[in-house]
Amino acid sequence: MHATSGRGAYRAGHPVGEAEGAAARQEKPLGAPGKPLDRRSPFFTGMLAAAGVAVTVAVVEVVLAASDALLLIGIAFFLAVGLEPVTARLARRMPRALATAVVVVTGLAVLGGAITAAAVPLADQATQLQDGAPRYLALLRDHTTLLGQANETFGLEAAIRSVRLSDVAKPLAGLLAEAGIVVVLATYFVADFPRIRTALYRLAPRSRRPRVILIGDAVFKKVGAYLVGNVVVSLVAGVLTFAWLCAFGVPYSLVLAVLVAVLDLVPVAGSVAAGAGTSLIAFTVSAPVGFATLGFFVGYRVLEDYVLLPKVVGRAVRIPALVTVVAVLIGFELLGVVGAFVAVPVAAAVLLVVREVAVHRLDRT
């Protein structure tokens, strides 16, 4: 007996024909899920173990091969999480796509405006710094000056001479290209963040999904608060540094202030490196100005840790100082500057999950 359907003809009694007939009678477009396989079967156990090993090896190979791309995706998602609170507020008053466009365009406009406004004085001061290089080299070779003594101890002249323009230009061009990729990816992530959030939470079992949502939203909140707060604090660092250097007549104040603001984005190590480098330039003015500038950065470090960060970031990303240092060291070792930048919110998220999941279970046993 023959029958026809949208899937073609099928025959009764034929294995494939009967399956086609059953498929044609399904009410759901793709049919109802069948009974699970017998997990106690030795064949199933062996296949599952073999598949697990194969999948693990394949995942490791893919991660190693695509590590650079995955890093850019991770940075973009990190930025999207940070921009989500602002985007969500705007999305209550306008379509999500328009809110995303407003946030991204505003951020790029502010960044572009700042770069444009500072481009001319930065170029002038960079030229002055280049013209004054022979003078600083002479000071480095003078063993009676603090710079000369620092040169003997740390080999500053050899480090400076080892840097070539081509060594800086090529990485800078690559950095700009990667920054463009991150901006594009972050825009897509911000636009689709509600759907991404829903898709991630659907991976959790239904019985535990409410708690996963609460913990996940808390993690997103920590990342967002840290990102916005860290940028604000870094801007404060740059402004205060510029005012201090101008007040004491330290040369290249704008260049140094921008450098301080950028390096301050990296927790702990960034501000220390920026303060040390700026203090060395201040010593070229006079020893008192150099020591005063060094004291300024020490005082600002205390101000940032105990006043600015608690006020700006609040309790959202509060973790012990030891954990912060350890996280920054591990992050820098794994991913360089990017790893150090994201280390603090990642550590805060890990501590939250450990406290709410692992410690909670241990306390119950």
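A salt bridge, as I shall use the term, is a side-chain nitrogen of Lys or Arg within 4 Å of a carboxyl oxygen of Asp or Glu. By this rule the structure has 4 salt bridges.

Before I turn to them, a word on the source. This is a predicted model, in which local features need pLDDT of at least 70 and side-chain atom pairs count only at pLDDT 80 or more, while totals for chains, interfaces and linings use all residues. Residues are numbered from 1 along each chain as its sequence is written, and side-chain values use heavy atoms, with hydrogens and water left out.

I begin with Arg 96 and Glu 84, which form a salt bridge whose closest N and O atoms are 2.5 Å apart. Arg 96 belongs to helix H4 and Glu 84 to helix H3, so this pair ties together parts that are 12 residues apart in sequence. Helices here are DSSP runs of H or I with at least four residues, numbered from the N terminus. Glu 84 counts as buried, at 14% relative accessibility; buried means under 20% relative accessible area, exposed over 50%, and partly exposed in between, with a 1.4 Å probe and protein chains only.

A second pair is Asp 217 with Arg 197, at 2.9 Å from N to O. Since Asp 217 lies in helix H10 and Arg 197 in helix H9, the pair ties together parts that are 20 residues apart in sequence. Asp 217 is partly exposed, at 29%, and so is Arg 197, at 26%. Arg 195 and Asp 192 also meet in a salt bridge, at 2.5 Å; here Arg 195 is exposed, at 61%.

Let us follow helix H10, residues 209-247. Its 39 residues should span 57 Å at 1.5 Å a residue, and its end C-alpha atoms are 57 Å apart, which agrees; the expected span is 1.5 Å times one less than the number of residues. After H10 comes Gly 249, with a positive phi near 70°.

Which helices supply at least two residues each to the largest nonpolar core? That core, a set of buried Ala, Val, Leu, Ile, Met, Phe, Trp, Tyr and Cys residues joined through side-chain atoms within 4.5 Å, has 19 residues. The helices are H3, H9, H10, H14 and H15, and H15 gives the largest share, 7 residues. Phe 78 is among the residues with the most contacts inside the core. Leaving aside residues up to four places away in sequence, Phe 78 touches Val 223, Tyr 226, Leu 227, Phe 341, Val 342 and Pro 345, where contact means heavy atoms within 4.5 Å. Val 223, in helix H10, is buried at 10%, and its C-alpha atom is 8.8 Å from that of Leu 79, although the two are 144 residues apart along the chain.

I close with Asp 264, in the loop between helix H11 and helix H12. Which side chain of opposite charge is nearest to Asp 264? It is Arg 301, 4.7 Å away, and Asp 264 is buried yet has no salt bridge. For charge, Lys and Arg count as positive and Asp and Glu as negative, with His and the chain ends not counted. Beyond its neighbours within four places in sequence, Asp 264 is in contact with several residues, including Asn 230, Tyr 300 and Glu 304.
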